[in-house]
Amino acid sequence: MTLVPLPHRLTSRHRETADTVTFELEPLSGGLGPFAPGQYAMLYAFGIGEIPVSVCRTSGDGRLTHTVRAVGAVSRGLCDLPAGASVGVRGPFGNGWNLRAARGHDLLVVAGGIGLAPLRPLIDAVLAEPAAYGRLNVLVGARTPGDLLYRAELPAWRRPFGAVTVDRPAGGWTGRVGVVTALLDEALFAPENATAFVCGPEVMMRATARELVDRGLPAGRVQLSLERNMRCATGHCGHCQLGPLLLCRDGPVVPYDQAEPLLTVREL
Amino acid sequence: MSRPAPVPSTGLIGSLSPGHRERLLALAHEVDHPASTRLFEEGGRADRFWIVRTGTVALDIHLPGRGPAVVETIGTGGLVGWSWLCPPHEWHLGAETRSRVEAWQFDAAEVRAVCAAHPEFGLPLVTLVAETIGRRLRATRTRLLDLYGPQPGAPSP
């Protein structure tokens with residue numbers, strides 16, 4: 001882990017949706033340590049600022065892939081960078097998904113919107129070692145069909161169960177319509193032997209976690225990737241405090257049994 | 001000949017006790033619809049309902065000049081139709097199969113009569129239908145928040 005941004009070169013970029021770009025970064029000199037699925041980097045758009053962004057794919061040679069949605073000055077700056085541009089990178093930060101605890105379990109990967117990005121390396125890891133896990137279920141929710149990420153990869157995530165649903169169908173969409181939790185009825189899992197990984201808007205994560213617990217999953221086996229205002233990424237500035245947790249350091253992944261009492265406190 | 005679809009372990013059927021499930025299924029007619037079959041139309045008489053065994057049904061609402069707009073889809077184990085339970089027994093939406101759909105079809109008057117005659121069966125069934133309605137109401141409210149869209153007032157890094 002480094003506290004000083006290391007220069008990386010943006011080697012390729014792919015526009016996922018109207019406001020979201022996936023790009024690959026290559027270290028210019030000496031890469032950062034290996035990133036685990038669910039960990040994040042602080043990406044510095046020179047002259048604009050720095051934001052936390054989860055890795056959405058890693059490689060063994062230090063290259064990092066990130067998906068960024070343009071919602072503010074820094075994220076817009078990153079999305080607008082052309083191939084060849086320089087980006088400062090710090091990391092890896094955060095705890096990542098606890099995939100080791102899920103070995104032998106049926107897996108539920110539940111994503112909403114841009115929340116699919118930090119889950120993609122987890123899906124990669126499971127698909128690389130399928131015998132180590134039970135049935136993989138990938139449930140994806142998006143606002144519209146045009147907002148779906150990684151469209152080319154979605155078909156490969158359909159076995160044994162994968163489904164996509166949108167809130168607002170358009171443009172000849174023939175798939176599912178409705179909230180992502182509605183897909184749980186069709187997912188293939190034994191609640192007493194399953195682990196869930198959930199990332200998306202907080203309301204969606206709360207609803208999903210509640211539904212999973214109602215179906216018999218122990219709350220401690222529902223992992224949520226939470227987001228607050230992460231600035232330093234090292235647990236010093238306190239901007240990302242959620243009760244007793246500093247999410248930049250103690251998170252972003254927090255089991256639901258720990259997160260549940262915190263998520264309903266309005267002041268947090 | 002294709003194998004019959006299994007009994008869903010989730011949804012309304014999966015939530016009923018074995019005895020009540022057997023009683024309800026004794027009233028069912030197995031149906032098999034190809035894709036694009038209209039099951040009912042908005043404003044029509046709600047005299048039936050379905051529980052999906054395989055496939056997907058789309059609920060839609062007619063928009064003048066634009067045709068039907070899909071507002072929700074219902075998959076395996078899902079209940080299609082609840083207007084049969086409450087007066088005036090008229091469909092609020094239309095429904096069309098999106099794929100081949102195997103389902104149990106029920107005659108609403110028959111089920112209501114059994115519920116009235118046997119409250120020990122009727123109450124759990126009506127409670128499960130109410131749970132389904134509640135879940136869909138919560139889902140609709142969640143979608144009203146447009147959670148995946150831009151959030152006014154949220155930090156914009």
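How many residues does the contact take from chain B, and how many from chain A? Keep that question in mind as you open this predicted model, and select the two chains in separate colours. The answer is 24 residues from chain B and 25 residues from chain A.

**Stop 1: the chain B side of the contact**

Stay with chain B and highlight strand 5 (67–74) and helix 4, the elements that give two or more residues to the side that touches chain A. Strand 5 of chain B gives the most to this side, with four residues. Now colour this side of chain B by residue class: you should find ten nonpolar, eleven polar and three charged residues.

**Stop 2: along helix 4 of chain B**

Next, select residues 119–144 of chain B, which form helix 4. Try a distance between the C-alpha atoms at its two ends: they are 36 Å apart. With 26 residues at 1.5 Å a residue, the helix should span 38 Å, so the two values agree. Then step just past the end of helix 4 to Asp146(B), where the backbone takes a positive phi of about 50°.

**Stop 3: where helix 2 meets helix 4**

Keep helix 4 of chain B on screen and add helix 2 of chain B, residues 18–25. The axes of these two helices come within 11 Å and cross at roughly 90°. That crossing makes helix 2 of chain B roughly perpendicular to helix 4 of chain B.

Which residues of helix 2 and helix 4 of chain B meet? Show side chains for His20(B), Arg23(B) and Leu24(B) in helix 2, and for Phe121(B), Pro124(B) and Leu125(B) in helix 4. By class, this contact has four nonpolar residues, one polar and one charged.

**Stop 4: the two domains of chain A**

Move over to chain A and colour it in two parts: domain 1 covers 2–93 and domain 2 covers 100–263. Their C-alpha centres lie 22 Å apart. Where they touch, 19 residues of domain 1 of chain A are in contact with 18 residues of domain 2 of chain A.

To see what builds the domain 1 side, pick out strand 1 (2–17), strand 3 (40–45), strand 4 (49–58), strand 5 (64–69) and strand 6 (86–93) of chain A, each of which supplies at least two residues. Strand 4 of chain A gives the most to this side, with six residues. A last recolouring by class shows nine nonpolar, six polar and four charged residues on the side of domain 1 of chain A that touches domain 2.

Notes
Residues are numbered from 1 along each chain as its sequence is written. Chains are lettered from A and ligands numbered from 1 in the order in which they are written. This is a predicted model: local features need pLDDT of at least 70, side-chain atom pairs count only at pLDDT 80 or more; totals for chains, interfaces and linings use all residues. The expected span of a helix is 1.5 Å times one less than its number of residues. Two residues are in contact if their C-beta atoms, placed from the backbone, lie within 7 Å. Ala, Val, Leu, Ile, Met, Phe, Trp, Tyr, Cys and Pro count as nonpolar, Asp, Glu, Lys and Arg as charged, and the others, Gly among them, as polar. Axes are lines fitted to C-alpha atoms, for helices over the stretch in contact, and angles run from 0 to 180 degrees between N-to-C directions. Angles under 35 degrees count as roughly parallel, over 145 as roughly antiparallel, 65 to 115 as roughly perpendicular and the rest as oblique. Domain bounds come from an automatic or database domain assignment.
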